[in-house]
Every structure is written in structure tokens, then in C-alpha cells.
Amino acid sequence: VRELREAHRLAPQDFTVHSALCDGLLNLAISLLRDDFDGAWSVYELCADELNGLIKEHPTMRADAYILAAECNEKMAMQSHFQQPPLTLEFGDAELQVLGYALNNFRRAGKIAPHRQRPRAGFDRVVQILIEFPKAPELTRIARVLRETDLREDALLFLTLSLRQNERLAG
């Protein structure tokens, strides 16, 4: 990661170098999950900051930057969940929040580049993850995260799913 940071410092306008730095930080965060869960999430926060910088600093590559950010969000959330699943097997708040960001980034990439398949496929994949894994309270928390990131239509979808799960449990 040190070499990638130096490369980015020397070539700050190079999208490939900047995206490699993001990827390197993600891989470092994932590698720390088993032995230092909190440290891994701290490294991921650095990765998320770089991803936000990538989106802002490379306007001609913005769709690609959103896709990379979404895929990093998805990968970190899933790796975190499977490395140290809570006793209840529910997603943690950080994981849910990052999956919400993944949805948001896939949606934004799709708006910029509607002809591309990856944003739609990624969005559908994350929605499927969120439908299959969480229980009703988690679906409600996902809706809250989505509402806070101005994804009101998606928030409504997850509130509806939460209500349906509650009906199945009651029945």
C-alpha cells in the first residue's frame, strides 16, 4: 500500500493508479478482518475516502469509479460478515451501511452509463443479498440507511420486505 500511495502522489491524475490504491486498501482491510476486525474497518474507512476521491477527481471516468466503489462496498461487507458473523448471524450496522452505499453507487453508475451491464447486475446482486440474508429488523435498518442516502424508492422496497417478513413470522 505504501508503494501505491507513493505512485498516486506522483501521478495524482492517473485513474488506474488511483483505483489500484483503492483496491490495495480494500485487500489490506479484508486481510485484517480475521485478526483485527476493528482495524480492518479502520483501513476500509481509508479505502472509502480514496474511493470518494476517485469519484470526485476523475469526472471522465465517474461511472467506472462508482462501479469500483460499489464493488468494494459489497466485497467488504460480505467478507466482514463471513469472517466474523455475529452470534445471531445478522449483518452488523457497518455492513448494512456499506451495502446501502453499494446500492447507491451502482445506481449512480447506471444513471451515468445506462448502456453498461455491470451497474444493473451489481445492483440486482446486492438487492438479492439483502433479501436473502437479513431478518425483518435488518431490512428496516437497511431502509433507514437508504433513506438517509436519498434512495427513498429503495428504502420503501426494504420497508415493504420487512413488513412481509413480519407477516410470515406472525402467520
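## Figure legends: a chain of helices

**View 1. Charged side chains of the protein chain.** Picking out the charged groups gives 21 positive and 25 negative side chains in the protein chain. The centres of these two sets lie 5 Å apart. Please keep in mind that this is a predicted model.

**View 2. The helices of the protein chain.** Follow the backbone from the N terminus and you will meet α-α-α-α-α-α-α-α. That makes eight helices and zero strands. The C-alpha trace spans about 60 × 40 × 25 Å along its principal axes. How does the radius of gyration of the protein chain compare with that of a compact globule? A compact globule of 171 residues would have a value near 16 Å, and the 17 Å of the protein chain agrees with this.

**View 3. Surface and interior.** The protein chain exposes about 9500 Å², with carbon and sulfur atoms supplying 53% of that area. Of its 171 residues, 44% count as buried. Now look at contacts between residues at least 6 apart in sequence: 64% of them join residues at least 24 apart.

**View 4. An aromatic pair in helix 3.** The count of aromatic pairs comes to one. Its partners, Trp41 and Tyr44, meet edge-to-face, with 5.8 Å from centre to centre and 75° between the planes. Both residues belong to helix 3 (residues 37–57), where they sit three residues apart, about one turn of the helix. Are Trp41 and Tyr44 buried or exposed? Trp41 has 12% relative accessibility, so Trp41 counts as buried. Tyr44 is buried too, because its relative accessible area is 3%, and the cut-off for buried is under 20%.

Key:
Residues numbered from 1 in each chain as written. Predicted model: local features only at pLDDT ≥ 70, side-chain atom pairs only at ≥ 80, totals over all residues. Heavy atoms only, no water. Helix = DSSP H or I, 4+ residues; strand = E, 2+ residues; numbered from the N terminus. Rg over C-alpha atoms; globule rule 2.2 N^0.38 Å. Buried < 20%, exposed > 50% of the residue type's maximum accessible area, 1.4 Å probe, protein only. Contact = heavy atoms within 4.5 Å. Areas by Shrake-Rupley, 256 points an atom, 1.4 Å probe, with all protein chains shown as cover. Lys, Arg positive; Asp, Glu negative; His and termini not counted. Charge placed at Lys NZ, Arg CZ, Asp CG, Glu CD. Phe/Tyr/Trp six-rings, centres within 6.5 Å; stacked < 30°, edge-to-face > 60°.
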